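Hi everyone, thanks for making room for me today. Please have the sequence and the 3D view open while I talk, and stop me whenever you like.

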Amino acid sequence: MLTLRKSAERGYADHGWLKSFHSFSFANYFDPAHVGFGNLRVINEDRIAPGTGFGTHGHRDMEIISYVLSGNLAHQDSMGNVKGIPPGDVQRMSAGSGVRHSEFNHAQGEQTHFLQIWIEPNVTGIDPGYEQKTVPGNAKRGQLALVAAPPADPQAAEHTVQIHADARMYAGLFEGAETAHLSLDPARKAYVFLVRGRLQANGQSLQAGDAALLQGESALSLSQGEDAEVLVFDLAP
């Protein structure tokens, strides 16, 4: 079964300095039909105005992934990490027993556009952790690159960050005749989120911000991309 969730159906918050679309219930947006999907809990599409950002705040027992689309995300945390996250990098922060961090856009005249993704862990109370890797464009061109996976996953590559969760996250870029096929376990769930452009998922047309929720499916086919960038999640039931 494939269910479409259109971009316009997402929650939206405009805080002036921050404009955010919520794929799942978050903060003041609550939709009982969309509180998560499998162990995927949050996909927030955030745009941060220049010179602003999220002040220091805390998290516990959550795997948090940042995927920057444009601009640069300045990250600082209680583990001592001070990093800039540019487009093409994937950042993973394991909140574990507790971590505090801030995220800012220090650029002048340019917003930072990024996705904040939360996945529920399969272990709790661990030491907080941080990892950041660059995913080469050619690893995503016309195919799905595994960018986040559990430790010791046999499919992991040099650009794959480790998450303490029963989940995998793929990223791909598609144009024209480029296609990709991913085998799925029908007992699990899969979530396709189109970051930009147009794309077909199992024959269903997606536009930027749309999602396809798959249950009981054995395969995912991506085709007919038009400047498409996509994230695919293989999730616990």
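Let's start with Ala152: is this residue buried or exposed? Ala152 counts as exposed, because its relative accessibility is 72% and the bar for exposed is over 50%. You will find Ala152 in the loop between β13 (144–149) and β14. There is something else to look at here: Ala152 has a positive phi, about 65 degrees, although it is not a glycine. Please keep in mind that what we are looking at is a predicted model.

Now go to Asp153. Asp153 also sits in the loop between β13 and β14. Is Asp153 buried or exposed? Asp153 counts as buried, because its relative accessibility is 8% and buried means under 20%. If we set aside the neighbours within four places in sequence, Asp153 is in contact with Leu146 and Arg168. You can also check a distance on your screen: the C-alpha atoms of Asp153 and Ala167 are separated by 10 Å, and these two residues are 14 apart along the chain.

Let me stay with backbone angles for a moment. Asp61 is not a glycine, and yet its phi is positive, at about 45 degrees. Asp61 belongs to the loop between β5 (52–59) and β6 (63–70). With a relative accessible area of 23%, Asp61 is partly exposed.

Next, charges. The protein carries 18 positive and 26 negative side chains. The centres of those two sets lie 2 Å apart. How many salt bridges does the count come to? The count is 14, and I'd like to walk you through a few of them.

The first stop is Asp166 and Arg188. These two form a salt bridge in which the closest N and O atoms are 3.1 Å apart. Asp166 is in the loop between β14 (161–162) and β15 (167–176), and Arg188 is in the loop between β16 (180–183) and β17 (189–201), so this pair ties together parts that are 22 residues apart in sequence. Asp166 counts as partly exposed, at 33% relative accessibility, whereas Arg188 counts as buried, at 14%. And here our earlier residue returns: salt bridges that share partners join Asp153, Asp166, Arg168, Arg188 and Asp234 into one network.

The next stop is Lys6 and Asp210. Their salt bridge has its closest N and O atoms 2.8 Å apart. This pair links distant parts of the chain, with the two positions 204 residues apart. Lys6 is in the loop between β1 (2–5) and β2 (11–14), and Asp210 is in the loop between β18 (204–207) and β19 (211–215). Lys6 is partly exposed, with a relative accessible area of 33%, while Asp210 counts as buried at 3% relative accessibility.

One more pair: Glu9 forms a salt bridge with Arg5, and the closest N and O atoms are 3.7 Å apart. Glu9 counts as partly exposed at 42% relative accessibility, and Arg5 is buried, with a relative accessible area of 4%.

Let's turn to Leu115, in strand β11 (residues 112–119). Leu115 counts as buried, because its relative accessibility is 0%. Which residues is Leu115 in contact with, leaving aside its neighbours within four places in sequence? Among them are Asn44, Ile65, Tyr67, Phe193, Val195 and Leu231. For a distance to try yourselves, take Leu115 and Leu144: they are 29 residues apart along the chain, and their C-alpha atoms are separated by 18 Å.

Finally, let's zoom out. The protein has one helix and 20 strands. Its C-alpha trace spans about 45 × 40 × 40 Å along the principal axes. A compact globule of 237 residues would have a radius of gyration near 18 Å, and the protein has 17 Å, which agrees. Of the 237 residues, 51% count as buried. The protein exposes about 10000 Å², and carbon and sulfur atoms supply 48% of that area. Take the contacts between residues at least 6 apart in sequence: 72% of them join residues at least 24 apart. We met one such long link in the pair of Lys6 and Asp210, which are 204 residues apart.

That's my tour, and I'm happy to take questions!

Terms used
Residues are numbered from 1 along each chain as its sequence is written. This is a predicted model: local features need pLDDT of at least 70, side-chain atom pairs count only at pLDDT 80 or more; totals for chains, interfaces and linings use all residues. Side-chain values use heavy atoms; hydrogens and water are left out. Helices (H or I, at least four residues) and strands (E, at least two) are DSSP runs, numbered from the N terminus. The radius of gyration is taken over C-alpha atoms; the globule rule is 2.2 Å times the number of residues to the power 0.38. Buried means under 20% relative accessible area, exposed over 50%, partly exposed in between (1.4 Å probe, protein chains only). Contact means heavy atoms within 4.5 Å. Accessible areas come from the Shrake-Rupley method with a 1.4 Å probe; for residues, only the protein chains shown count as cover. Lys and Arg count as positive and Asp and Glu as negative; His and the chain ends are not counted. The place of a charge is taken as NZ of Lys, CZ of Arg, CG of Asp or CD of Glu. A salt bridge is a side-chain nitrogen of Lys or Arg within 4 Å of a carboxyl oxygen of Asp or Glu.
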